[in-house]
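Biologist: I'd like to learn how to read a model like this one. Can we go through it together, one feature at a time?

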Amino acid sequence: MDDGYRRIWLDGLWSNNQALVALLGLCPLLAVSNTLINGLGLGLATTLVLTLSNVSVSLIRNWVRPEIRLPVFVLIIASFVTTVELVMNAYFHGLYKVLGIFIPLIVTNCAIIGRAEAFASRNPIPRALHDGLAIGIGFTLALVVLGGGRELIGQGTLFDGAHLMFGEVARDWRWSVGEAYPGLLIAILPPGAFIGLGLMIALKNIIDKRLTGAKPVPTDQPEQAVPTSA
Amino acid sequence: MEFATGSSPHKIGPQNVTRVMGMVLLALVPGTLAMWWYFGWGVLINLMIAVTAAVVAEAAVMSLRGRDARPVLLDLSAVVTAWLLALALPPLLPWWQTVLGSMFAIVVVKQLFGGIGYNPFNPAMAGYVLLLVSFPVTMTRWLPPDVVSGQALSLADSLHIIFSGTPPLGQTWDTLSSATPLDQMRSELSENRMISEIRQSPLWGDFGGRGWEWIGNWFLLGGLFLLWRRVINWRIPASMLGSLLLVSGLFWAIDPETHPFPAFHLFSGAAILGAFFIATDPVSASTTPKGQLIYGALIGLFVFIIRTWGGYPDAVAFSVLLLNMAAPTIDYYTQPRVFGQRKHDDA
């Protein structure tokens, strides 16, 4: 694999991760990441749409006039989303019902049109394919980590509802820290998504800083600020 | 001959954070003692747990950030946060929930945003809301004041309940706990009972619930002390309580049988504590004079709205957090005119 593809994968999975760096696609990311399986399901659906749309956009990139490129991209993405929605309805009906409105809403995921515009419309098909997979998997990983963390803290389980995705054999995959765990409900509720994502971004920044070897310089904090009477 | 030339300010007032926070703590004492009088040792135990957790959390974060923890701990702001949080908690809350709320308030709401002076939200109320949303069962398990129940839990019993999470032998949660006046009023009103009928019950005093109403008075005393010492100014408490009175008075005038009278709203729940101690937080509240009036008035309005039509019996914490979010916008639109500047100068 030559260096260009390495770069694509590195960008998609880490240094330009759409969820943690570009902060695109936050609507599904925050709304659906309440369990690991939900996150995984939506992440894979998004990856599928992203890859297909990247390839198609790259395929027609020399024929679409720039003036009308956005409507064309939207149409392509919408077609794939519809396909994915119908497929999920047919084969993963339980998961389809859990994810609900967020499957059709993949069409509004700005990460997808962002990649079509910024990458696929300017690169040949193989590179667009790799980019779609890399970005999609990076997004899926973020969803899985956030979903798993929220599920673990919020209800003390992991892989809850795995049978919705992997069939009846997966029913035993559900792992629980114990029935006595009271569950920190807020982690499953919307505020938990925001706090969790914030912590994940902070963690990524710390790791990046460690990797580049730069030590964080404490900024000078002013001496005790004096609140005059309120 | 040279004169020392420093930059302004040339005259430094006697106020500093430690002194302000110390005064707030002093002002909280009468209300806290009143709560201890009516609800027993749980109040003080919660206080100890919350303060300890907050101080430990603050020290831990400061050392993680590589800073000197001493000045930050000595400014007492963490103690005030924990104290306010503890007053909002039910007296027999399991200890680890108190610890969790206190640590969340300090670590996430205060220190992650940059420490004292940088937090957009009131840490104590954010910690309270975290607990209320996460543990609806234990967080609504209030005790009746001992003038109503006629029994007081001993110190040993309170400690046992808080640290084991189970009621003492021969008692159940149902015999120990009871609905707060706001909760009681709310659930009975939802059963279409008249207020004159509801108030027949011995639970009720002159204004709010028996016992409960007096706690408000003691916090009011502390609040007046703060006003007198100029730690807070009158705008936020006056506009908050004023708008609460006005709106509840309006509805009461329309139908006194389905809307509790204004004094009930004032002396129930956290209205007075909130008006003087929580909404006036100098960091997260609005800072312009006109803005503070709007800020307080909207808190009062939201308290009434959420109490009357919302999902929770009391609303001070939610209203304060909502208005914390709005405070920067309020400040932006109410900037006082700089002397000499023309009125509609958009420069």
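Biologist: Which residues of α6(B) are buried?
Modeller: This is a predicted model, so keep that in mind throughout. A residue is buried if 20 or more other C-beta atoms lie within 10 Å of its own. In α6(B), the buried residues are Pro123(B), Ala124(B), Met125(B), Ala126(B), Gly127(B), Tyr128(B), Val129(B), Leu130(B), Leu131(B), Leu132(B) and Ser134(B). That's 11 of its 12 residues, and the helix is mostly covered.

Biologist: What do the buried residues of α6(B) pack against?
Modeller: Their partners are α4, α5 (95-111), α7 (136-139), α16 (271-278) and α18 (316-333), which belong to chain B. As for its span, α6(B) reaches 16 Å from first C-alpha to last, close to the 16 Å expected at 1.5 Å a residue.

Biologist: Let's take one of those partners. How do I describe two helices that pack together?
Modeller: Two packed helices are described by the angle between their axes and the distance between the axes. Here, helix α4 (residues 77-88) of chain B packs with helix α6 (residues 123-134) of chain B at an angle of about 40°, and the axes are 8 Å apart. That angle makes α4(B) oblique to α6(B). The crossing of α4(B) and α6(B) is right-handed.

Biologist: Which residues make the contact between α4(B) and α6(B)?
Modeller: From α4(B) come Thr81(B), Leu84(B), Leu85(B) and Ala88(B), while α6(B) brings Pro123(B), Ala124(B), Gly127(B) and Tyr128(B). Sort the residues of this contact by type and you get 6 nonpolar, 2 polar and no charged.

Biologist: Can we try another helix in chain B?
Modeller: Sure, look at helix α14 (residues 235-254) of chain B, which has 20 residues. It reaches 28 Å from its first C-alpha to its last, close to the 28 Å expected at 1.5 Å a residue. Its buried residues include Ile236(B), Met240(B), Leu244(B) and Trp252(B). The buried residues of α14(B) pack against α13 (212-228), α15 (262-267), α16 and α17 (289-309) of chain B.

Biologist: Now a single residue: why is Leu159(B) called partly exposed?
Modeller: You count neighbours: buried needs 20 or more other C-beta atoms within 10 Å, exposed means 12 or fewer, and partly exposed is in between. Leu159(B) has 15 other C-beta atoms within 10 Å, so it is partly exposed. You'll find Leu159(B) in helix α9 (residues 155-164) of chain B. Its C-alpha atom is separated by 9.4 Å from that of Trp95(B), and the two are 64 residues apart along the chain.

Biologist: And in chain A, is Ile113(A) buried or exposed?
Modeller: Ile113(A) is buried, because it has 20 other C-beta atoms within 10 Å. Ile113(A) sits in helix α6 (residues 110-118) of chain A. Leaving out residues up to four places away in sequence, Ile113(A) touches Phe73(A), Val74(A) and Ile77(A). Ile113(A) and Ile77(A) are 36 residues apart in sequence, with 7.7 Å between their C-alpha atoms.

Biologist: How many helices and strands are there in chain A?
Modeller: Chain A has 9 helices and 2 strands. Read from the N terminus, the order is α-α-α-α-α-α-α-β-α-β-α. Of its 230 residues, 39% count as buried. Along the principal axes, the C-alpha atoms of chain A fill a box of roughly 65 × 50 × 45 Å.

Biologist: What about contacts across the sequence of chain A?
Modeller: Take the contacts in chain A with a separation of 6 or more: residues 24 or more positions apart account for 78% of them.

Methods
Residues are numbered from 1 along each chain as its sequence is written. Chains are lettered from A and ligands numbered from 1 in the order in which they are written. This is a predicted model: local features need pLDDT of at least 70, side-chain atom pairs count only at pLDDT 80 or more; totals for chains, interfaces and linings use all residues. Axes are lines fitted to C-alpha atoms, for helices over the stretch in contact, and angles run from 0 to 180 degrees between N-to-C directions. Helices (H or I, at least four residues) and strands (E, at least two) are DSSP runs, numbered from the N terminus. Angles under 35 degrees count as roughly parallel, over 145 as roughly antiparallel, 65 to 115 as roughly perpendicular and the rest as oblique. A crossing is left-handed if the near helix is turned anticlockwise from the far one by less than a right angle, and right-handed if clockwise. Two residues are in contact if their C-beta atoms, placed from the backbone, lie within 7 Å. Ala, Val, Leu, Ile, Met, Phe, Trp, Tyr, Cys and Pro count as nonpolar, Asp, Glu, Lys and Arg as charged, and the others, Gly among them, as polar. The expected span of a helix is 1.5 Å times one less than its number of residues.
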